[in-house]
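I opened the notebook to record what I looked up in this structure, one entry per topic. The entries follow the order in which I looked.

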Amino acid sequence: MAREEREERPRRSDRGDRGGHRDDRGERSELIDKLVHINRVAKVVKGGKRFGFAALVVVGDQKGRVGFGHGKAREVPEAVRKATEAAKKSLVRVPLREGRTLHHEVLGRHGAGKVVLRPAPVGTGIIAGGPLRAVFDALGVHDVVAKSVGSSNPYNMVRATFDALKGQNSPKMIANKRGKTVAEVLSSRRTQSAAEVSPE
């Protein structure tokens, strides 16, 4: 019996499959999370009120991927954990120009919230407030000008920002849609911008 137990022990210590899981954790650890908003909610029950917390979290790798999620729990840490897990499952990829700004101006809406996002030259920084700044920090944008119009609800603002970011198109994506080369798309963009700037 003792020999059989000794022979079985190496099988138990064979944990080669778990190495892959550690690599996945390493990839996940590259993500940064930004806590945008915490709201205390109350449920009226027999005998009084039962309090809970709702958290809104934005997650990104600062390389063009970003997501958001919200979670509810009786305690703040648990609500933040649930929101973070939900955000990791909803990551979207956004094309960036030179890895620092947007390709073009875009408008996003959700409910009563509306945001306008504009690309900016080097050195401008992130000109945005509240929830929008958290999204751009997690996304990895360094130069952008953003304006929120309408609702100041952080949930609506974040969803409107994601609606705008999903409308971002890179010259490569436009070229594939139109059956042209990237050079042709860029040259037409320069011609159009020059026509707008030149006086009549």
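**Entry 1: helix α5 and the sheet with β5.** I am working from a predicted model. I began with helix α5, residues 154-165, and looked up where it lies. I found α5 across β5, β6 and β8, the last of these being residues 144-150. The direction of α5 makes about 140° with that of β5.

I then looked up the sheet itself. I noted an open sheet of 4 strands in the order β5-β6-β8-β7, with mixed pairing. β5 and β7 (126-127) each have a single partner strand and stand at the edges, so one side of each has no neighbour in the sheet.

**Entry 2: pairing in that sheet.** I went through the strand pairs next. β5 covers residues 106-110 and β6 covers residues 113-119; I counted 5 bridges between them, in the antiparallel sense. For the register, I noted that Leu 107 stands opposite Val 116 in β6. Gly 108 has Val 115 of β6 as its bridge partner.

What links β5 to β6? I found a hairpin, with 2 residues between the strands. Gly 111 sits in the turn and has a positive phi of about 60°.

On to β8: β6 and β8 run antiparallel and are joined by 7 bridges. I took one pair from this set, in which Pro 119 has Val 144 of β8 as its bridge partner.

**Entry 3: the sheet with β1.** I looked up the other strands. β1, β2, β3 and β4 form an open sheet of 4 strands in that order, and the pairing is antiparallel. β1 (32-45) and β4 are the edge strands, each pairing on one side only. Between β2 and β3 I counted 8 bridges in the antiparallel sense. In this pair, Phe 53 stands opposite Ala 73 in β3.

Which strands does helix α3 touch? α3, residues 76-89, packs on the sheet and touches β1, β2 and β3. I noted about 145° between the direction of α3 and that of β3. α5 also packs on this sheet, touching β1, β2, β3 and β4, and its direction makes about 155° with that of β3. I therefore have α5 down twice: it lies across β5, β6 and β8, and it packs on the sheet of β1, β2, β3 and β4.

**Entry 4: α4 against α5.** I turned to helix α4, residues 131-139. α4 packs against α5 at an angle of about 45°, and their axes are 9 Å apart. That angle makes α4 oblique to α5. I recorded the crossing of α4 past α5 as right-handed.

Which residues meet at this contact? From α4 I listed Pro 131, Leu 132, Val 135, Phe 136 and Leu 139. They meet Pro 154, Met 157, Val 158, Thr 161, Phe 162 and Leu 165 in α5.

I checked burial along α4 as well. 7 of its 9 residues are buried, so α4 is largely enclosed by the rest of the structure. The buried ones are Pro 131, Leu 132, Ala 134, Val 135, Phe 136, Ala 138 and Leu 139. After α4 comes Gly 140, with a positive phi near 100°.

**Entry 5: positive phi outside glycine.** Most residues other than glycine have a negative phi. I looked for exceptions and wrote down two entries.

Gln 62 has a positive phi near 60°. I placed Gln 62 in the loop between β2 (48-60) and β3 (65-73). Is Gln 62 buried, partly exposed or exposed? Its relative accessible area is 45%, and with over 50% needed for exposed, Gln 62 is partly exposed.

Glu 98 also has a positive phi near 60°. I found Glu 98 in the loop between β4 (92-93) and β5. With a relative accessible area of 63%, Glu 98 is exposed.

**Entry 6: totals.** I finished with the whole protein. I have 7 helices and 8 strands on record. Of the 200 residues, 33% count as buried. The accessible surface comes to about 13100 Å², and 48% of that belongs to carbon and sulfur atoms. Among contacts with a separation of 6 or more, 55% are between residues 24 or more positions apart.

Methods. Residues numbered from 1 in each chain as written. Predicted model: local features only at pLDDT ≥ 70, side-chain atom pairs only at ≥ 80, totals over all residues. Heavy atoms only, no water. Pairing = 2+ DSSP bridges. Contact = heavy atoms within 4.5 Å. Axes fitted to C-alpha atoms, helices over the stretch in contact; angles between N-to-C directions. Buried < 20%, exposed > 50% of the residue type's maximum accessible area, 1.4 Å probe, protein only. Areas by Shrake-Rupley, 256 points an atom, 1.4 Å probe, with all protein chains shown as cover. Parallel < 35°, antiparallel > 145°, perpendicular 65-115°, else oblique. Left-handed = near helix turned anticlockwise from the far one by under 90°.
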